[in-house]
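Let's take a walk through this chain, going from the overall layout down to a few individual residues. Keep the structure open as you read.

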Amino acid sequence: MSWSNNRPRANVYGSAWARVRKQWADHHQPDHLCVRCRHPLGPMSSRLHLDHDDHDRSIARGFSHGAPCPWCGVRCNVSAAARKANAIARANRRRRLEW
């Protein structure tokens, strides 16, 4: 299955996650820090992603950069997701080779 960025966020996370994101957005301040790189987030925008816990997707951790961070250049939330997906793929390849 290939990754598609064309799906609306509501279809990926559902209306419950959209409500949680709105609650977090209502309390956002530009000087709040990214939960991944700890750099300031700046003003609220669609470029900020509500990051969830790596082990339990139902737990919101706070906002992280979805677009490149102005200080370190990393797309924090997207990079974390890619690292996790790559680790899962490597583990699956190892399992197949062990058979």
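What follows starts with the whole chain and then zooms in on three residues.

First off, this is a predicted model. The chain has 2 helices and 2 strands, and reading along the sequence you meet them in the order α-β-β-α. Of the 99 residues, 23% are buried. The accessible surface adds up to about 7400 Å², with carbon and sulfur atoms making up 54% of that. If you look at contacts with a separation of 6 or more, 45% of them link residues 24 or more positions apart.

Now find strand β1, which covers residues 48–52. Leu-48 sits in this strand. Its relative accessible area is 3%, so Leu-48 counts as buried, the cut-off being under 20%. Look across from there to Phe-63: the two are 15 residues apart in sequence, yet their C-alpha atoms are 6.1 Å apart in space.

His-52 belongs to strand β1 too. Is His-52 buried or exposed? With a relative accessible area of 11%, it falls under the 20% cut-off and is therefore buried. Leaving aside residues up to four places away in sequence, His-52 touches Tyr-13, Trp-17, Arg-36, Arg-57, Ile-59, Ala-60 and Arg-61. Arg-57 deserves a second look: its side chain makes a polar contact of 3.1 Å with the side chain of His-52.

Finally, step back to the loop between α1 (9–26) and β1, where you'll find Arg-38. Arg-38 isn't a glycine, but it has a positive phi of about 65 degrees all the same.

Terms used. Residues numbered from 1 in each chain as written. Predicted model: local features only at pLDDT ≥ 70, side-chain atom pairs only at ≥ 80, totals over all residues. Heavy atoms only, no water. Helix = DSSP H or I, 4+ residues; strand = E, 2+ residues; numbered from the N terminus. Buried < 20%, exposed > 50% of the residue type's maximum accessible area, 1.4 Å probe, protein only. Polar contact = N/O pair within 3.5 Å; in protein donor to acceptor, adjacent residues only side chain to side chain. Contact = heavy atoms within 4.5 Å. Areas by Shrake-Rupley, 256 points an atom, 1.4 Å probe, with all protein chains shown as cover.
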